[in-house]
Amino acid sequence: MAEKKTSAAKETGATRRSGVRAPSRRTAIVAAVLLVVVGWPVLSALFGGFERTGGGEIAVVRNGGFFDNNRIRQVIDPGSGRVWVGLYSQVHKYPAQQRFYTITSDAGKGDESGVDVVTVPSSDGVNMGIEGTLYFTLNQDHRALRQFDDKYGTRKFRSASGDTYNVYDGDKGWSAFLDQIVRPVIDNDLRSQINSFRCAELVSSCALVQNSSAPRNVQAAGQQAQSNNGNIAKVQNAINTSLAADLEQTLGGKFVTNIHFNLVRITLPSKVQDAVDRAQAAFAQISEAQAKVASAKAEAAANKARQDGYNKCPTCARIEELKALPQGITVYAPGNPNGSLLRGR
């Protein structure tokens with residue numbers, strides 16, 4: 001009887017112990033799952049709710065919570081510390097330092113891939129290749145920056161490679177925005193300004209192939225060479241003035257400041273340049289021929305003057321004749337029928 005009581009007591013104790021352990025283990029597992037599924041995203045959102053900017057960037061923060069709107073929450077100035085921006089907010093970072101857009105025939109240095117030159121006609125119909133660089137800065141005024149983000153930070157732009165980017169997607173996004181929005185304004189301003197000048201007023205060698213006679217060609221080239229730099233400066237100043245107004249009108253606000261366009265190079269079409277090279281080569285040959293004629297005239301004049309001197313002084317002519325004899329001559333007999341020169345042994 002005692003053995004039965006002892007056995008029952010052991011079973012009851014074992015049952016209690018197993019009953020206590022089983023729920024505890026299940027609770028721990030459930031708690032761990034809840035922590036992973038719920039706690040980790042919450043912690044990530046909390047830590048991700050802080051943001052800061054570097055020295056060369058400025059940020060526009062938009063609400064992005066589950067129950068929040070998508071309006072602009074705040075603007076973070078360059079070089080900030082850690083700032084609370086809210087849960088799941090979107091941060092659009094834009095460049096705060098000076099930016100530039102390069103148009104060049106060098107395939108590896110332009111903002112667009114490959115050879116990139118703006119081709120515009122001059123007032124006399126010569127297509128001219130324009131290369132240069134536009135320098136500017138994004139307006140950091142908070143109100144202007146909010147308007148910029150509303151207009152351009154909420155859409156995507158197609159790059160030269162065909163991919164689409166947001167304007168705040170690093171250098172690729174910024175370049176796509178410039179190619180699609182700003183580049184057409186640059187092209188239009190260059191076209192309108194270059195079209196007010198003749199080719200020879202910007203590239204002096206144009207005068208070599210646009211006139212009929214060589215003297216006029218040379219004269220025109222010399223005159224235009226003196227004024228080319230001044231005309232190029234006029235083009236730059238006009239572009240800088242017109243670009244500021246046109247960009248503000250096209251973009252819908254004063255979103256870029258400190259605009260300056262540097263006109264680096266003006267090139268001619270290959271066929272025109274070949275004609276210029278041939279004309280320059282021809283003028284070089286003319287100059288060479290003229291130099292030879294001048295040299296021959298000078299030599300003839302010298303010979304005539306020398307002969308006149310010999311006529312006046314026959315003795316001087318003999319002296320010069322003796323000086324011209326080869327070395328080693330010991331006897332000089334002008335009347336000898338076998339030869340006038342005898343060499344010594």
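This section describes a helix, the aromatic pairs, the salt bridges and one buried glutamate in a predicted model.

Helix 3 spans residues 170–194 and comprises 25 residues. From its first C-alpha to its last, helix 3 reaches 34 Å, close to the 36 Å expected at 1.5 Å a residue. The helix nevertheless contains a kink of about 45°, located at V182, shortly before the proline P184.

Aromatic side chains were examined next. A pair of aromatic rings is described by the distance of the centres and the angle of the planes. In total, the count comes to 14 aromatic pairs. One of these is formed by Y94 and Y168, with 6.4 Å from centre to centre and 85° between the planes, and the arrangement is edge-to-face. This pair links distant parts of the chain: Y94 belongs to strand 5 (residues 90–95), whereas Y168 is found in the loop between strand 10 (164–166) and helix 3, 74 residues apart. The two partners were also assessed for accessibility. Y94 has a relative accessibility of 1% and therefore counts as buried, while Y168, at 23%, counts as partly exposed.

An edge-to-face pair is likewise formed by F148 and F255, with a centre-to-centre distance of 5.6 Å and an angle of 70° between the planes. F148 lies in helix 2 (residues 142–152) and F255 in the loop between helix 6 (214–251) and strand 11 (256–267), so this pair ties together parts of the chain that are 107 residues apart in sequence. F148 is buried, with a relative accessible area of 2%, and F255 is buried as well, with a value of 1%. Both pairs belong to a cluster in which ring pairs link Y94, F136, F148, Y152, F157, Y168, W174, F177 and F255.

Charged side chains were considered in turn. The whole structure contains eight salt bridges. In one of them, K93 is joined to E57, and the closest N and O atoms are 3.6 Å apart. K93 lies in strand 5 and E57 in strand 2 (residues 57–62), so that the salt bridge links distant parts of the chain, 36 residues apart. K93 counts as partly exposed at 28% relative accessibility, and E57 is partly exposed with a relative accessible area of 24%. Salt bridges that share partners join these two residues and E51 into one network.

A salt bridge also connects the side chains of R62 and D150, with an N to O distance of 2.4 Å. R62 is located in strand 2 and D150 in helix 2, and the pair therefore ties together parts that are 88 residues apart in sequence. R62 is buried, with a relative accessible area of 5%, whereas D150, at 43% relative accessibility, counts as partly exposed. Another salt bridge is found between the side chains of R198 and E201, at 3.7 Å from N to O. R198 is partly exposed, with a relative accessible area of 35%.

The final residue considered is E131, which lies in strand 8 (residues 127–138). E131 has a relative accessible area of 5% and is therefore buried. The side chain of E131 makes a polar contact of 3.4 Å with the side chain of T104. When residues up to four places away in sequence are not counted, E131 touches I103, T104, S105, V117, N262, L263, V264, R265 and T267.

Key. Residues numbered from 1 in each chain as written. Predicted model: local features only at pLDDT ≥ 70, side-chain atom pairs only at ≥ 80, totals over all residues. Heavy atoms only, no water. Helix = DSSP H or I, 4+ residues; strand = E, 2+ residues; numbered from the N terminus. Buried < 20%, exposed > 50% of the residue type's maximum accessible area, 1.4 Å probe, protein only. Polar contact = N/O pair within 3.5 Å; in protein donor to acceptor, adjacent residues only side chain to side chain. Contact = heavy atoms within 4.5 Å. Expected span 1.5 Å × (residues − 1). Bend = angle between axes of the 7 residues up to and from the residue. Phe/Tyr/Trp six-rings, centres within 6.5 Å; stacked < 30°, edge-to-face > 60°. Salt bridge = Lys/Arg side-chain N within 4 Å of Asp/Glu carboxyl O.
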